[in-house]
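Welcome, and please open your viewer. We will go from one selection to the next, with a short note on what to look for at each stop.

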Amino acid sequence: MKVILYVFSGTGNTLKVAALYKKYMNADVTVYRISEKSGKFPSPEEFDLVGVGYPIHAFSAPEPVINFCKKLPAIAYRRAFVFKTSGEGLHLNDGSSQKCIKILRKKGYDVTLERHVVMPYNMIYRHSDAMAKQMWIYAKAFAKLNCLDLENFKREKVKQPFYKTFYIPALNWVESKFAHFHGPMFKVDTNKCIDCGKCAAVCPENNIKKADGKYKFGHKCVLCMGCSFGCPMDAIHVGIFKYWKVNGSYRLEELVKDDSVLFPLVPDNAKGIYRLYKKYYREVDEMLKEGDVDLNAYV
């Protein structure tokens, strides 16, 4: 079986999950990163299974993902699935793929699965080491389960009822328009910047240019936060989101191997805001049990 994963990713979380699919799926898997810099994308007609992956932005799919789905060619029949990442497992995220799935189905894609993988925040606040460790261990086990379900042709109902998703079109519009408006508010602190160019290189929308020795941010920003998250000198000011900024890698594999970092944190040791994650992890535990996937194999 040949599989294509079309993936949009700013800080790399969704790409990490795509890499797990590539690792665990018994298939020939190609990962294509959705970006203005990526050039021509592989045709879905060359593959048996099509996956679309993205990070959830404001409870909806990012604008580049929706636009990419519109670019995909119509096809008589092709099995497809969606996977998405976010920093929380709230059910407000349930309808985020609504527009993408509608576009895909109109083009002839048979969307049989949608799975939500919780990964550490790249903005709002920085997760604790224990929480990041739990997220990554569960992400690996959950990705394995998802691969098994896809290989076994499992089908789940992914269409959301109107009362759960009526707000999604509005959020799609507001998030994209506001991101474009806010983009030029990003600035580089010249006292910290070492001119490594990583911010411009990582930007999926080619929104960061260098002119007259200074980095300029345009109106194509989609608030993926890749530039500020990956800046080695923490030199990027992110406009009105300055109190939500997260900078630097979570060292996920190192945390998994560090026995001094508590696991599991949720549900038994969850305090404060981490109590909100109990329902998500209990649901994933049930799915792993039903699919006969041993979480301990990924610790």
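A salt bridge here is a side-chain nitrogen of Lys or Arg within 4 Å of a carboxyl oxygen of Asp or Glu. Before you select anything, note that this is a predicted model, in which local features need pLDDT of at least 70, side-chain atom pairs count only at pLDDT 80 or more, and totals for chains, interfaces and linings use all residues. Residues are numbered from 1 along each chain as its sequence is written, and side-chain values use heavy atoms, with hydrogens and water left out.

**Stop 1: salt bridges**

How many salt bridges does a search of the whole structure find? The search finds ten. Start by selecting Glu-156 and Lys-154, which form a salt bridge with their closest N and O atoms 3.6 Å apart. Now add Arg-115 and Asp-149: salt bridges that share partners join Arg-115, Asp-149, Lys-154 and Glu-156 into one network. For accessibility, buried means under 20% relative accessible area, exposed means over 50%, and partly exposed is in between (1.4 Å probe, protein chains only). Glu-156, with a relative accessible area of 24%, is partly exposed, and Lys-154 is partly exposed at 30%.

Next, select Lys-84 and Glu-114. Their salt bridge has its closest N and O atoms 2.9 Å apart. Lys-84 is in strand S4 and Glu-114 in strand S5 (residues 109-118), so this pair ties together parts that are 30 residues apart in sequence. Helices (H or I, at least four residues) and strands (E, at least two) are DSSP runs, numbered from the N terminus. Are Lys-84 and Glu-114 buried or exposed? Both Lys-84 and Glu-114 are buried.

Then move to Lys-140 and Glu-253, whose side chains meet in a salt bridge of 3.5 Å, N to O. Lys-140 belongs to helix H4 and Glu-253 to helix H9 (residues 252-257), so the pair links parts that are 113 residues apart in sequence. Lys-140 counts as buried at 9% relative accessibility, whereas Glu-253, at 36%, counts as partly exposed.

**Stop 2: a helix pair**

Two packed helices are described by the angle between their axes and the distance between the axes. Show helix H2 (residues 63-71) together with H3: the two pack at an angle of about 5 degrees, with axes 9 Å apart. That makes H2 roughly parallel to H3, a label for angles under 35 degrees (over 145 is roughly antiparallel, 65 to 115 roughly perpendicular, and the rest oblique). Axes are lines fitted to C-alpha atoms, for helices over the stretch in contact, and angles run from 0 to 180 degrees between N-to-C directions.

Which residues meet here? Turn on side chains for Val-65, Ile-66, Cys-69 and Lys-70 in H2, which meet Lys-99, Cys-100, Ile-103 and Leu-104 in H3. Contact means heavy atoms within 4.5 Å.

**Stop 3: Leu-49**

Select Leu-49, found in strand S3 (residues 49-55). At 0% relative accessibility, Leu-49 counts as buried. Leaving aside neighbours within four places in sequence, the contacts of Leu-49 include Met-1, Val-3, Met-25, Phe-81 and Leu-150. Draw a C-alpha to C-alpha line from Leu-49 to Ala-27: the two are 9.9 Å apart in space and 22 residues apart in sequence.

**Stop 4: backbone geometry**

Most residues other than glycine have a negative phi, and most peptide bonds are trans. Here are some places to check against that.

- Phe-263 and Pro-264 are joined by a cis peptide bond, with omega about -5 degrees; Pro-264 lies in the loop between H9 and helix H10 (278-290).
- Val-266 and Pro-267 are joined by a cis peptide bond, with omega about 15 degrees; Pro-267 is placed in the loop between H9 and H10.
- Asn-206 has a positive phi, near 55 degrees, though not a glycine; look in the loop between helix H7 (198-202) and strand S7 (208-211).
- Arg-251, not a glycine either, has a positive phi of about 55 degrees; find Arg-251 in the loop between strand S9 (236-238) and H9.

Asn-206 counts as partly exposed at 28% relative accessibility, and Arg-251 counts as partly exposed at 38%.
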